[in-house]
Amino acid sequence: MVTDAGAARFVRYEGTVRDPRGHFPGIFFLVNGLAREGRLSAGEERFRRAANDWYDAAYTNPAEVDPAVYDHRVNPGAVAWFKISARHLIERVDGYLRILDAHGVPCRRVVASDPGEIVYEDEVQVVVVPRREAVAVPGPGVRGGGA
């Protein structure tokens, strides 16, 4: 991941809490989960339905092109990233972020120049299998560290 947005080619909006498989779910999944749980207000639900419909019409669902793209066995941990150039898609994310904020669901914006192995790409997005993240292991003299 990079913090220098000037070097970034991709952006992803995701939760900050890992799911049971150890991945950070995207904001569309998170908002749709709130809807499935019946937690959205009438206005939030209207926004979600209209925005989801707009996104469905605005760009390709990678799973419709390649049904195995999100298959855990084929592409473990595969996640979608917008290309920075897809401004028309990124500009509409704010409504989802407001819903998550209203429900106390933490999320973040992550930018990267190389988010992982690309398993699908079109003009506005990529789906990648992330590279393994380094896991910090406390050493001697570090709080919680070893001998």
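How many salt bridges does the structure hold? In this predicted model, the structure holds eight salt bridges. The report turns to some of these pairs after a look at the largest pocket.

## The largest pocket

The largest pocket has a volume of about 1,000 Å³, and its lining is made up of 34 residues, among which R12, F28, F29, Y70 and A80 lie nearest the centre. Several elements give two or more residues to this lining, namely the strands β1 (10-15) and β2 (79-83) together with the helices α1 (27-36), α2 (42-58) and α3 (62-65). Of the elements, α1 gives the most to the lining, with five residues.

When the lining residues of the largest pocket are sorted by class, 18 of them are nonpolar, 10 are polar and six are charged.

## A pair within helix α2

Side chains of opposite charge can pair when their charged atoms come close. One of the salt bridges joins R49 to E45, and the closest N and O atoms of this pair are 3.2 Å apart. Because R49 and E45 are four residues apart in helix α2, about one helical turn separates them.

The two partners can also be described by how much of each is accessible. R49 has a relative accessible area of 54% and is therefore exposed, as the cut-off for this class is over 50%, whereas E45, with a relative accessible area of 21%, is partly exposed.

## A pair between two strands

Another salt bridge is formed where the side chains of E121 and K83 meet, at 2.9 Å from N to O. This pair links distant parts of the chain, since E121 belongs to strand β4 (residues 116-121) and K83 to strand β2, with their positions 38 residues apart in the numbering.

Is K83 buried or exposed? K83 has a relative accessible area of 15%, so this residue is buried, the cut-off for that class being under 20%. Its partner E121 is partly exposed, with a relative accessible area of 45%.

## A further pair and a network

The side chains of D71 and R73 also meet in a salt bridge, with a distance of 2.9 Å from N to O. Within this pair, R73 is exposed, and its relative accessible area is 73%.

Which residues are linked in a network of salt bridges? The network is made up of R12, E14 and R108. R12 also appears in the account of the largest pocket, where it is one of the residues that lie nearest the centre.

Notes
Residues are numbered from 1 along each chain as its sequence is written. This is a predicted model: local features need pLDDT of at least 70, side-chain atom pairs count only at pLDDT 80 or more; totals for chains, interfaces and linings use all residues. Side-chain values use heavy atoms; hydrogens and water are left out. On a 1 Å grid over the protein atoms alone, a cavity is a set of points where a 1.4 Å probe fits but cannot get out, and a pocket is an open set with protein on both sides within 12 Å along at least five of seven lines; lining residues have an atom within 4 Å of a point. Grid points are joined across faces, edges and corners, and a volume is the space filled by probe spheres set on the points. Ala, Val, Leu, Ile, Met, Phe, Trp, Tyr, Cys and Pro count as nonpolar, Asp, Glu, Lys and Arg as charged, and the others, Gly among them, as polar. A salt bridge is a side-chain nitrogen of Lys or Arg within 4 Å of a carboxyl oxygen of Asp or Glu. Buried means under 20% relative accessible area, exposed over 50%, partly exposed in between (1.4 Å probe, protein chains only).
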